[in-house]
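This note is offered to a colleague who is starting to read protein structures. Please keep the display below in view while working through the numbered points.

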Amino acid sequence: MAVFPDPGNPQTMTHLPGDGTPRAWHPPYDLRVTDPDHASDADAGAVYDAAAEAYAGTVGTDISPATEAAVDRALLAAFAEIVGRCPGARVADVGCGPGRVAAFLAVRSVDAMGVDVSPGMLAVARRAHPGITFEEGRLTALPLADHSVAGVVCWYSIIHTPPDELGPVWAELARVLTPDGHLLVAFQAGVGEAVHRTEAYGTKAGLTSYRHSPDAVVRGLSEQGLHVQARTVREPELAHETAKQAFIVARSGSSPGLR
Ligand SMILES: C[S@@+](CC[C@H](N)C(=O)[O-])C[C@H]1O[C@@H](n2cnc3c(N)ncnc32)[C@H](O)[C@@H]1O
């Protein structure tokens with residue numbers, strides 16, 4: 001059976017050059033669910049630097065049915081519609097990797113830009129999407145002014161941040177969102193367990209991911225004054241998926257009602 005690469009699941013990554021054709025996956029490294037010392041931001045950035053070309057070669061540089069289920073793509077399209085209600089408003093794809101989400105939004109007339117901790121990933125993103133701006137930054141230190149973006153998408157980019165370190169991430173997202181801004185977060189769902197992989201993405205490096213608890217994410221967002229508008233947890237559906245997938249839409253503002 002063909003197994004497709006999962007952009008949020010390093011277990012499914014290979015380091016074969018990509019031609020857009022989904023390919024069979026064979027585990028190139030050890031996978032353990034454990035609780036090791038976690039990788040820091042810098043560690044994740046270094047791994048993604050080394051793996052940037054391999055990641056793009058396997059996952060591609062655009063959102064596609066090979067890597068996102070129909071529900072996932074529908075949520076991205078819904079988000080584009082929501083942020084599109086403010087024409088010209090800027091939206092940040094944070095932890096953008098090769099810029100797939102930024103590009104998805106841009107073709108739907110959203111003024112999208114990308115941010116990533118990995119210069120290697122940014123180089124790939126700029127090459128693939130020359131019309132989009134990509135800047136270096138961290139989830140906890142975004143190169144964005146206070147209340148300057150109408151939307152933020154974190155598409156499988158919080159997965160390397162330990163659960164007990166997400167508070168500053170939510171605070172930073174709340175800082176940059178406009179008062180009626182919107183947030184979309186995607187991640188593998190669990191109870192906060194760590195998944196450690198050796199030779200991640202075909203590199204020599206190890207990389208730790210976390211399966212965050214949707215309840216804990218909702219709590220963390222609420223603590224920063226972000227109102228959760230929708231939460232979706234779907235079963236693993238694509239052949240490569242080993243965990244439930246969670247998607248949360250939230251918005252800033254003083255009242256929790258829909259806008
Ligand atoms: C699994 S990849 C997902 C990339 C992209 N969102 C996609 O769907 O293809 C995770 C990305 O998040 C970035 N990342 C991880 N931790 C980060 C952090 N603390 N700040 C900014 N980017 C981070 C990595 O460099 C990598 O590009």
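**Notes on the predicted model**

1. Strand β3 is a convenient place to begin. It pairs with strand β4 (residues 134-136) in the parallel sense, and the pairing consists of three bridges. Within this pairing, V115 of β3 has E135 of β4 standing opposite. The model is a predicted one, and the points below should be read with that in view.

2. The link between these two strands deserves attention. Together with helix α4 (residues 119-128), β3 and β4 form a β-α-β unit, and this unit is right-handed. As for its surroundings, β3 is mostly covered, since five of its six residues are buried.

3. Strand β3 (residues 111-116) is also joined to β2, by five bridges, and these two strands run parallel. On the route from β2 to β3 the chain passes through α3, and this β-α-β crossover is right-handed as well. Two pairs may be located in the display: R90 stands opposite D111 in β3, and D93 has G114 as its bridge partner in β3.

4. Strand β2 has a further partner. Three bridges connect β2 to strand β5 (residues 149-155), again in a parallel arrangement. Here the bridge partner of V91 is G151 in β5.

5. How many residues of strand β2 (residues 90-94) are buried? Five of its five residues are, and the strand is accordingly described as mostly covered. The side to which each residue points can be listed: R90, A92 and V94 point one way, while V91 and D93 point the other way, and all are buried.

6. V94 repays a closer look. Apart from neighbours within four places in sequence, V94 is in contact with V115, L139, L142, V152, V153, C154 and S157. V94 is also among the residues with the most contacts inside the largest nonpolar core, together with V101, L105, V152 and V185; this core has 70 residues. Helix α1 gives the most to this core, with eight residues.

7. Helix α1 contains V47. Why does V47 count as buried? The cut-off is 20 or more other C-beta atoms within 10 Å; V47 has 25 other C-beta atoms within 10 Å, and therefore counts as buried. Leaving aside neighbours within four places in sequence, V47 is in contact with A200, Y201, T203, A205 and L207. The C-alpha atoms of V47 and K204 are separated by 8.7 Å, although these residues are 157 residues apart along the chain.

8. The ligand is the next topic. It is surrounded by 24 residues, of which the closest are Y48, G95, G97, V117 and S157. S157 was named above as a contact of V94. By character, the shell around the ligand divides into twelve nonpolar, eight polar and four charged residues.

9. Which helix gives the most to the shell around the ligand? Helix α1 does, with five residues. Both α1 (41-59) and α3 (100-106) supply at least two residues each to this shell. Helix α1 is thus named twice in this note for giving the most, here for the shell and earlier for the largest nonpolar core.

10. Finally, the chain as a whole may be considered. It has six helices and ten strands. Of its 259 residues, 49% count as buried. Among contacts with a separation of 6 or more, 70% are between residues 24 or more positions apart.

Methods
Residues numbered from 1 in each chain as written. Predicted model: local features only at pLDDT ≥ 70, side-chain atom pairs only at ≥ 80, totals over all residues. Near = placed C-beta within 6 Å. Helix = DSSP H or I, 4+ residues; strand = E, 2+ residues; numbered from the N terminus. Nonpolar A, V, L, I, M, F, W, Y, C, P; charged D, E, K, R; others polar. Core = buried A, V, L, I, M, F, W, Y, C linked by C-beta atoms within 7 Å. Buried ≥ 20, exposed ≤ 12 C-beta atoms within 10 Å, placed from the backbone. Contact = placed C-beta atoms within 7 Å. Pairing = 2+ DSSP bridges. Right-handed = clockwise from strand over helix to strand, strands pointing away.
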